[in-house]
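Open the model in your viewer and keep the selection panel at hand. The tour below goes stop by stop.

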Amino acid sequence: MKIKVPKSISYFLTVLFLISSYSCKKNQEKEAQAQSKEIKKEDPFFKLSLAQWSLHRTFNEQGVNPFKFAEIAKENGFEGLEYVNQIYSDEIEKLGFDAVIDSLKVVSENAEMQNVLIMVDGEGDLADPDEEARNLAVENHKKWVDAAQELGCHSIRVNTFGTNDPELWIPAVVDGLKKLSDYASTKNINILCENHGWLSSDVPVLMEAVKQVDMENCGTLPDFGNWCIQRENGERWGQCIEEYPNKYEGIETMLTKAKAVSAKSYDFDENGNETTLDYPRIVKLIKDSGYKGYIGVEYEGDRLPEKEGIKATRNLLLKSAKSLQ
């Protein structure tokens with residue numbers, strides 16, 4: 001006879017298992033301490049967080065438990081965590097939304113890691129020209145605002161898809177962002193717009209929208225990459241046919257409203273330099289802007305294994321910061 005375990009008990013057993021698993025990894029703790037000492041020795045002007053998308057193959061394809069994210073990040077010398085909501089879709093379906101968020105809070109606290117932000121995808125288009133669809137997207141995002149508050153994050157990152165027509169996009173996205181930012185302000189959470197394709201990567205247009213929202217908790221998350229403003233057949237993630245012409249100028253402009261920064265990387269040469277992005281130049285832009293928060297490592301390449309790409313990105317950030325001293 002099968003015994004049905006109540007969902008609440010199943011959830012607590014999951015958390016207890018994860019805590020127990022973490023506490024047994026003494027060698028990994030020593031490695032994390034060594035990584036932390038290395039970072040402190042470099043004395044960068046920023047803190048390092050790990051964007052969970054850097055490990056999306058690890059979790060989505062290799063089947064590693066996504067509740068191990070805090071453990072993996074700490075092993076690799078990071079202080080902060082940047083979650084990706086879609087990576088927890090299966091866990092939310094099995095355990096329930098609140099149980100997943102509670103589990104993440106317990107595991108991150110046990111690992112002594114700072115929860116920084118949640119990258120939210122798949123919850124509707126905040127710039128949909130149709131107001132009913134746009135309002136539904138706002139409502140769908142609210143639970144992630146609540147989750148960010150529960151976890152101790154400072155922000156959620158949102159997408160601003162809906163239309164690629166600037167005349168339609170600006171009034172729509174301003175309305176969507178205002179409504180969501182109004183709610184988020186009651187939770188002390190920021191709503192961040194990333195250059196993530198379409199008009200969000202057309203920096204003057206994006207910044208005009210943020211200006212019109214005119215709320216302290218509505219800002220930007222400049223990404224080193226993601227500069228495609230138009231793709232074939234109007235697709236969101238298809239072949240790029242037009243890029244924003246000056247990514248360094250774009251990053252510098254977005255930094256004026258930045259509350260988080262994403263260090264995207266794709267590949268590295270034999271000297272450890274990113275092959276498509278001038279990291280020292282970008283890091284100087286960040287320092288000159290006065291930004292001193294977390295910089296999230298987001299390796300998106302496919303040549304190096306994910307953990308090697310993460311380490312290469314982290315090391316390049318530290319080397320670039322040291323070169324400015």
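Which helix and strands each supply at least two residues of the lining of the largest pocket? They are α3 (56–60), β7 (228–231) and β8 (240–243). Select these three elements and keep them coloured; note that the model is a predicted one.

**The whole protein**

Before zooming in, show the full chain. The protein has 325 residues, and buried residues make up 52% of them. Its secondary structure consists of 12 helices and 10 strands. Among contacts with a separation of 6 or more, 80% are between residues 24 or more positions apart. Turn on the surface: about 15300 Å² is exposed, and 48% of that comes from carbon and sulfur atoms.

**The largest pocket**

Go back to the pocket. The space in the largest pocket amounts to about 620 Å³. Its lining is made of 28 residues; select Asn-226, Arg-231, Lys-264, Tyr-266 and Glu-300 to see those closest to the centre. Colour the lining by class, and 10 nonpolar, 8 polar and 10 charged residues appear.

**Ile-229 in strand β7**

Next, select Ile-229, which lies in strand β7, one of the elements that supply lining residues to the largest pocket. Is Ile-229 buried or exposed? Ile-229 has a relative accessible area of 11%, and buried means under 20%, so Ile-229 counts as buried.

Now show what surrounds this side chain. Leaving aside neighbours within four places in sequence, Ile-229 is in contact with Asn-164, Trp-198, Ser-201, Asp-202, Glu-242, Glu-243 and Tyr-244. Add Leu-199 and draw a distance between the C-alpha atoms: Leu-199 and Ile-229 are 5.9 Å apart in space, with their positions 30 residues apart in sequence.

**Strand β5 and its partner**

For the last stop, select residues 190–194, which form strand β5. How many of the 5 residues of this strand are buried? The count is 5 of the 5, so β5 is largely enclosed by the rest of the structure.

Rotate the strand to view each face in turn. On one side are Asn-190, Leu-192 and Glu-194, and on the other are Ile-191 and Cys-193; every one of these is buried, and both faces are covered.

Then add strand β4, residues 155–158. β4 and β5 pair in the parallel sense over 4 bridges. To see one of these pairings, select Ser-155, whose bridge partner in β5 is Asn-190. Asn-190 is also among the buried residues on the faces of β5.

Technical notes. Residues numbered from 1 in each chain as written. Predicted model: local features only at pLDDT ≥ 70, side-chain atom pairs only at ≥ 80, totals over all residues. Heavy atoms only, no water. 1 Å grid on protein atoms, 1.4 Å probe; cavity = no way out; pocket = protein on both sides within 12 Å on 5 of 7 lines; lining within 4 Å. Points joined across faces, edges and corners; volume = space filled by probe spheres on them. Nonpolar A, V, L, I, M, F, W, Y, C, P; charged D, E, K, R; others polar. Buried < 20%, exposed > 50% of the residue type's maximum accessible area, 1.4 Å probe, protein only. Contact = heavy atoms within 4.5 Å. Areas by Shrake-Rupley, 256 points an atom, 1.4 Å probe, with all protein chains shown as cover. Pairing = 2+ DSSP bridges.
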